[in-house]
Amino acid sequence: MTQKLKLEKPKIQQTLTPVHFHDVYDMDEPYFSNCLIQDCSIIGEVIHRAEFSKVIFQNVTFSNVSFKNIDLTDVIFEKCDLSNADFMEGIIHRVEFKDCKILGINLAEARLGNVLFQNCNLNFSSFGWAKLKQVKFEQCSMRNADFYNNEFKKVVFQQCDLNEVNFAQTPLNGIDLSSSSFEKLSVSLEELHGCEISPKQAIGFATMIGLKVKETEYD
């Protein structure tokens, strides 16, 4: 049921003006709108409350950047590297991340709505204390990701690698994990109430709580 989640797509015009990030960056007003930023590296930038609206990033590397309280609305990231970027307390609405490397990104205390992560590497990403509404993770590697104390509403994990993900203090009622894979999760039985899993995963959870599962032979 939850796998059929329909997201609002970014509202971006078909033709955008290509720009160089540093040519349009204004320290006093860090606002970017209706532009295409591609084939470049953004290195060492520390920008508080940067705003991006109707922007496409293509093949952009963000290196050692801190964009706390970032506001992303109607934005697409394609084949970008956002590893270890600090987007803490960001507001992210109608945004798509496609074929991106997002290792260790900090999205703690962020608010995400109508966001798609598709074929991304999100290993070691941090979503602690975040609020996710209408968010889909599709065919993503999410090993050791942290979703501590999250609020989930209509969140989908479709064919993802969730091994060692931390869901502590995050209720998973109505969340479908059945198409994803994992050997171990950090989660309590109370938080699993109402979570949809596969029969194979059910055996794994039984093992996690100390039950011994064996096949029964019938005469």
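**Notebook: a β-rich chain, looked up element by element**

I started in the loop between E8 and H2, where glutamine 159 lies. The model is a predicted one, and I kept that in mind for every entry below. For glutamine 159 I read a positive phi of about 55°, although the residue is not a glycine. Most residues other than glycine have a negative phi. I then checked how much cover glutamine 159 has, and with a relative accessible area of 45% I entered it as partly exposed, because that value falls between the cut-offs of 20% and 50%.

Asparagine 114 came next, since its phi is also positive, near 55°, in a residue other than glycine. This asparagine belongs to strand E6, and its relative accessible area of 8% puts it among the buried residues, because buried means under 20%.

From E6 I followed the strand pairing onwards. Strand E6, residues 111-118, runs parallel to E7, and 7 bridges join them; at one of these positions arginine 111 has lysine 131 of E7 as its bridge partner. On looking for the next neighbour of E7, I found strand E8, residues 151-158, paired with E7 in the parallel sense, again over 7 bridges. Lysine 131 stands opposite glutamate 151 in E8, so I noted lysine 131 as a residue with a partner in E6 as well as in E8, namely arginine 111 and glutamate 151. How much of strand E7 is buried? Of its 8 residues, at positions 131-138, 6 are buried, and I recorded the strand as mostly covered.

I turned then to glutamine 58, whose place is in strand E3, residues 51-63. Its relative accessible area is 26%, and it is therefore partly exposed, being above the 20% limit for a buried residue. Which residues does glutamine 58 contact, once its neighbours within four places in sequence are left aside? I listed Leu36, Ile37, Gln38 and Asp39, together with Glu78 and Cys80. I also took a distance from glutamine 58 to alanine 110, which is 52 residues away along the chain, and the two C-alpha atoms are separated by 23 Å.

For helix H2, residues 199-208, I looked up methionine 208, which has its place there. Methionine 208 has a relative accessibility of 34% and so counts as partly exposed. Between methionine 208 and valine 165 there are 14 Å from C-alpha to C-alpha, at a separation of 43 residues in sequence.

Last, I collected the values for the protein as a whole. The secondary structure comes to 2 helices and 8 strands, in the order β-α-β-β-β-β-β-β-β-α along the sequence. The C-alpha trace spans about 75 × 30 × 25 Å along its principal axes. The radius of gyration is 19 Å, which agrees with the value near 17 Å that a compact globule of 219 residues would have. Of the contacts between residues at least 6 apart in sequence, 11% join residues at least 24 apart. Buried residues make up 48% of the 219, while the exposed surface amounts to about 11800 Å², with carbon and sulfur atoms supplying 47% of it. My final entry concerns charge: there are 22 positive and 30 negative charges, and their mean positions are 6 Å apart.

Technical notes
Residues numbered from 1 in each chain as written. Predicted model: local features only at pLDDT ≥ 70, side-chain atom pairs only at ≥ 80, totals over all residues. Heavy atoms only, no water. Helix = DSSP H or I, 4+ residues; strand = E, 2+ residues; numbered from the N terminus. Rg over C-alpha atoms; globule rule 2.2 N^0.38 Å. Buried < 20%, exposed > 50% of the residue type's maximum accessible area, 1.4 Å probe, protein only. Contact = heavy atoms within 4.5 Å. Areas by Shrake-Rupley, 256 points an atom, 1.4 Å probe, with all protein chains shown as cover. Lys, Arg positive; Asp, Glu negative; His and termini not counted. Charge placed at Lys NZ, Arg CZ, Asp CG, Glu CD. Pairing = 2+ DSSP bridges.
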